[in-house]
Amino acid sequence: MPQKNFRGIPASDGIAIGYVFCYIPTKLTVPDCPAGTIDEEIARFETARNHARVELQNLYGAIEKRAGKEDALIFEAHQEMLSDPALEGKIRELVTSGLNAEQAVFKATEELAGLLASMSDELFAARALDVKDIGRRILRILLGLPDTALSAITQPSIVVADDLTPSDTASLDPALTLGFITAQGGLTSHSAILARTLGLPAIVGMGSDLLQNVSDGVFLVMDGNTGEMILEPNPETAAHYKKIQSQRESNLLVLKNAAEKETVTANGRRVEVAANIGELSSARTAMEHGAEGIGLLRTEFLYLEDTQPPSEEKQYRIYREIFEVMSGRPVIVRTLDIGGDKPPSYLPFPDEMNPFLGWRAIRICLDEPELFKTQIRAILRAAVGHHTRIMFPMISDLDELRRAREIVETVKRDLHRDSLEFSEDVPVGIMVETPAAAILVDILAEVADFFSIGTNDLTQYTMAVDRGNAKVSGLYQPLHPSVLRLIKQTIEAGHSKGKWVGMCGELAGMTKAIPILLGFGLDEFSMNPRAIPEAKHLLSRITDEKALEIANQALSFGTATEIENYMQEILPSL
Ligand code: PEP
Ligand code: MG
């Protein structure tokens, strides 16, 4: 078969060469065909249940190896639920009343889940999802469908999917995922961000016919740097890409070795280069790549990986482990940023027309103060002896910020009352990621200790372009003059009030933006860990004077394309 070339949006650097695993979440339809005899249907149920047990045992083993016993326990619990006498009794009763096995399993598990969900005890309510999950598993087996869940990948593969939710991406095993390609998504959709953090090559926005062109087991080459995907490459093409792959790896190694030092510009001004991370292993990656701190610890993945919110103790332990890995370097912990494209299963999410404009981030935290307080308690306790800061996402109003800070004060009083050790003087800042906040920085500075610009959302809200929508990805322009003006204004207003202004949006790690941001006077550049060596190298070659000249020149253009062209032109000379 001749090789076929395709192109999408390059979302995360790196080349992957390997076989495809197509991730197609299975749609399950309960058949309404007549049932066999009672014995036949019971036997079908029992066979499917045994099969489910084997699947769960395999999953338990795989997750235990990858993430540890604690994360694997959920599959042990699911195995136990398979033998639950009440559930089994109900299924038998329904089969006896004339339903086929699929109908009986579906009805019994949905009813039991409904009952659990209605209980006021949170633990029971959370178990409702587990019951639904095992119901779906048995149903799928009864229907003779394969397990296409991402956790079913058993050998190193390139994952191809229509789209990946953040929790899908979080469940990818980096050791078994060579890279991924999606039909949907944009440069700053969360799956793309996570890919960069994990160092997985990724291409997004390939177009809706992706899964018609690619099938399970196909051999392909992908280049996350250019967005190229080559199906069934001929041997010369594959060899060419292998060569580029090893050249890039050795270049990175040289830069990485040089990245251990603190960053100073060519005229000796100190700027910080930090990392954006979402979990412990990326903290280690950040250290290896020369991070001088963590400019953004995304905590939401902790909230998305389970059917219930993480306990205070679990969070405390994880935050502490991360602070310890960073050994004294500053860590900015962003409070829960769920909603938008990251809805957890245990909160009652309304069907929203525009989830990114809806119930998300700080809005949820202020409506669910107990959830919020648990996190603040864990952060303040873990911060003892460390250089920790708290940051609220999605702030768009002064009152919102005041209320959130008030909750931090209440939590401190509670911790005093409980005689628990915690850090009193943790600075509290905000993300500037709504145009409302960017315009209001001078006022917000009365209550915020620091600012960090979130260009991923700031771009989507300024340009009115959904950051994950491939159809309009051409209009998503973080280097648009409007976005640049808001960034400049934020830095100037923050500085005029004596506040530190960093940036943790993806723009901070892009070489085509770094000179401009330096010219605006940005204090900190926080990016995916693997972008750090090159960013440090670039920053150390530019003087502030030169950066200012570049920033002014960039601001004189009327379109993002002109700015990008100008930057591409001058970058080689820097
Ligand atoms: C941002 O919006 O720029 C940001 C860093 O936050 P997130 O990408 O998690 O929304
Ligand atoms: Mg954001």
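Spaces and helix pairs

Modeller: Let's start with the largest cavity of this predicted model, which holds about 70 Å³ of space. Residues are counted from 1 along each chain as its sequence is written, chains are lettered from A and ligands numbered from 1 in written order. Local features need pLDDT of at least 70 and side-chain atom pairs 80 or more, while totals for chains, interfaces and linings use all residues, and side-chain values use heavy atoms, without hydrogens and water.

Biologist: What makes this space a cavity?

Modeller: On a 1 Å grid over the protein atoms alone, a 1.4 Å probe fits at a cavity's points but cannot get out. The volume is the space filled by probe spheres set on the points, which are joined across faces, edges and corners. With a cut-off of 30 Å³ or more, the whole structure has 4 cavities.

Biologist: Which residues are closest to the centre of the largest cavity?

Modeller: It has 15 lining residues (those with an atom within 4 Å of a point), and Arg-298, Arg-334, Glu-433, Asn-456 and Asp-457 lie closest to the centre. Two elements, β10 (294-298) and α18, give two or more residues each to this lining. Such elements are DSSP runs numbered from the N terminus, helices being H or I of at least four residues and strands E of at least two.

Biologist: How many residues of each class are in that lining?

Modeller: The largest cavity is lined by 8 charged, 4 polar and 3 nonpolar residues. Here Asp, Glu, Lys and Arg count as charged, Ala, Val, Leu, Ile, Met, Phe, Trp, Tyr, Cys and Pro as nonpolar, and the others, Gly among them, as polar.

Biologist: What lines the second largest cavity?

Modeller: That cavity holds about 60 Å³, and its lining consists of His-190, Ile-193, Leu-194, Thr-197, Asn-276, Ile-277, Gly-278, Arg-298 and Phe-301. Both α7 (190-198) and β9 (272-277) give it two or more residues, with the largest share, 4 residues, coming from α7. Its classes are 4 nonpolar, 4 polar and 1 charged.

Biologist: Let's turn to an open space. What makes something a pocket?

Modeller: A pocket is an open set of points with protein on both sides within 12 Å along at least five of seven lines. The second largest pocket has about 1,600 Å³ of space. Its lining has 48 residues, and those closest to the centre are Ser-12, Asp-13, Arg-196, Gly-224 and Asn-225. Among the elements giving two or more residues are β2 (9-12), β5 (177-182) and α9 (235-258). Helix α9 gives the largest share, 7 residues.

Biologist: Now the helices. Why is α18 called oblique to α19?

Modeller: Helix α18 (455-463) packs against α19 (481-496) at about 125°, with the axes 10 Å apart. Axes are lines fitted to C-alpha atoms over the stretch in contact, and angles run from 0 to 180 degrees between N-to-C directions. Angles under 35 degrees are roughly parallel, over 145 roughly antiparallel, 65 to 115 roughly perpendicular, and the rest oblique. So α18 is oblique to α19. The contact (heavy atoms within 4.5 Å) includes Leu-458 and Met-463 of α18 and Val-483 and Leu-486 of α19. It has 5 nonpolar, 4 polar and no charged residues.

Biologist: How do you know whether α10 is roughly parallel or oblique to α12?

Modeller: Helices α10 (280-288) and α12 (312-325) pack at about 10°, with axes 9 Å apart. That angle therefore makes α10 roughly parallel to α12. Leu-280, Ala-283, Arg-284 and Met-287 of α10 meet Glu-321, Ile-322 and Val-325 of α12. These residues divide into 5 nonpolar, no polar and 2 charged.

Biologist: What about α12 and α14: is their crossing left-handed or right-handed?

Modeller: The axes of α12 and α14 (369-382) come within 8 Å and cross at roughly 40°, so the two helices are oblique to each other. Their crossing is right-handed; in that case the near helix is turned clockwise from the far one, while anticlockwise by less than a right angle would be left-handed. Among the contact residues are Tyr-316 and Phe-323 of α12 and Arg-377 and Ile-379 of α14. By class, the contact has 6 nonpolar, 3 polar and 5 charged residues.
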